[in-house]
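I sat down with a new model today and kept a running notebook. Here it is, in the order I looked things up.

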Amino acid sequence: MKVIITGATGMVGRSVLNQCLESDNVQEVLLIGRTPLALNHPKITELIHPDFSDFSQVQTELSGYDACFHCMGISSLGINEQNYNHITYEMTYALASSLVNVSAQITFNYLSGTGADSSEQGSVMWARVKGKTENMLLNIGFADAYMFRLGALFPQRDIKSKTALYNLLYNGLRPFFPILKKVIPITTSEALGRAMIHSVSSPQPLKVLENEDINRLAIDT
């Protein structure tokens, strides 16, 4: 399969990218980003696109792909609803609408978050915006789409957060991971990447996936 990945500079996007590079089922990866990653790998092509609010100028370069793994996102901490909506909803809509025009047959996987509000009416700002974004993607016209409501994620191998404090936390909790995963639903960076790939090769009836669903899909062959 040929896939598009956004957000590959982040912990989640890099997790998905690593699994795509290792998978025999993925032949080509188009990375869309504002700045080059300069990764030297035969599967990778980079599309540098500074303005994520408009993909019309590069729309033709998005055709012919089997899946888009949209892993770009930001924290809602310290940001107002207008700016959060612009980055989370409007930029996602810009990408999705261009993709539908040229590659409606693709599977679109969206990195959402546990607690996203599908009613769009709740009191939590980020949850409303995530829920609105999910609803848009499920109804915009893709052949298939999955909302990955990621909760607790445990990074593996070289995967690190951009936030130093988070990395300290992950390292401190690492010895307790076998115990924690029995108490709360945790997924891993490798499982997340495998689940996204499997959603394309093995379509699922459930379109909104929580951590436990992601873990099941990760081992689905």
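My entries run from the whole chain to single residues.

**Entry: overall picture**

I noted before anything else that this is a predicted model. I counted seven helices and nine strands in the protein chain. Of its 221 residues, 50% are buried. I then looked up the accessible surface, which comes to about 10,700 Å², with 53% of that belonging to carbon and sulfur atoms. Among contacts with a separation of 6 or more, 66% join residues 24 or more positions apart.

**Entry: the sheet**

In what order do the strands of the open sheet run? I read off β3-β2-β1-β4-β5-β6-β9, seven strands with parallel pairing. The edges are β3 (44–48) and β9 (208–209), each of which pairs on one side only. I picked one pair for a closer look: β4 and β5 (residues 107–113) are joined in the parallel sense over four bridges. F69 stands opposite N109 in β5. Helix α3 (residues 125–139) packs on the sheet and touches β5, β6 and β9. The direction of α3 makes about 170° with that of β5.

**Entry: the cores**

As a reminder to myself, nonpolar side chains tend to be buried together in soluble globular proteins. Here the largest nonpolar core holds 32 residues, and V3, I5, C20, V29, F69 and F148 have the most contacts inside it. Elements that each supply at least two residues of this core include β1 (2–6), α1 (11–22), β2 (28–33) and β4 (67–70). β6 (144–150), α6 (189–201) and α7 (211–218) do so too. Another core lies apart from it, with 28 residues, among them V58, Y84, Y89 and L99.

I went back to I5 and listed its partners, leaving aside neighbours within four places in sequence. I5 is in contact with G13, V16, L17 and C20, and also with V29, L30, L31, I32 and F69.

**Entry: T133**

Is T133 buried or exposed? T133 counts as buried because its relative accessibility is 0%, and the cut-off for buried is under 20%. This residue sits in helix α3. The T133 side chain reaches the backbone oxygen of V129 at 2.8 Å. Not counting residues up to four places away in sequence, T133 touches T88, Y89, T92 and Y110. I recognised Y89 from the core of 28 residues.

**Entry: S53**

I moved on to S53, in the loop between β3 and β4. S53 counts as partly exposed, because its relative accessibility is 36%. The side chain of S53 makes a polar contact with the side chain of D51 at 2.4 Å. Beyond residues up to four places away in sequence, S53 touches H86, M91 and A94. I also checked S53 against T92: they are 39 residues apart in sequence and 8.1 Å apart in space, C-alpha to C-alpha.

**Entry: positive phi**

Most residues other than glycine have a negative phi, so I looked for exceptions. Which loop holds A38? A38 is in the loop between β2 and β3, and its phi is near 55°. A38 is exposed, with a relative accessible area of 64%. E120 also has a positive phi, about 60°, although it is not a glycine. E120 is found in the loop between β5 and α3, and at 29% relative accessibility it counts as partly exposed.

Key:
Residues numbered from 1 in each chain as written. Predicted model: local features only at pLDDT ≥ 70, side-chain atom pairs only at ≥ 80, totals over all residues. Heavy atoms only, no water. Core = buried A, V, L, I, M, F, W, Y, C linked by side-chain atoms within 4.5 Å. Buried < 20%, exposed > 50% of the residue type's maximum accessible area, 1.4 Å probe, protein only. Contact = heavy atoms within 4.5 Å. Areas by Shrake-Rupley, 256 points an atom, 1.4 Å probe, with all protein chains shown as cover. Pairing = 2+ DSSP bridges. Axes fitted to C-alpha atoms, helices over the stretch in contact; angles between N-to-C directions. Polar contact = N/O pair within 3.5 Å; in protein donor to acceptor, adjacent residues only side chain to side chain.
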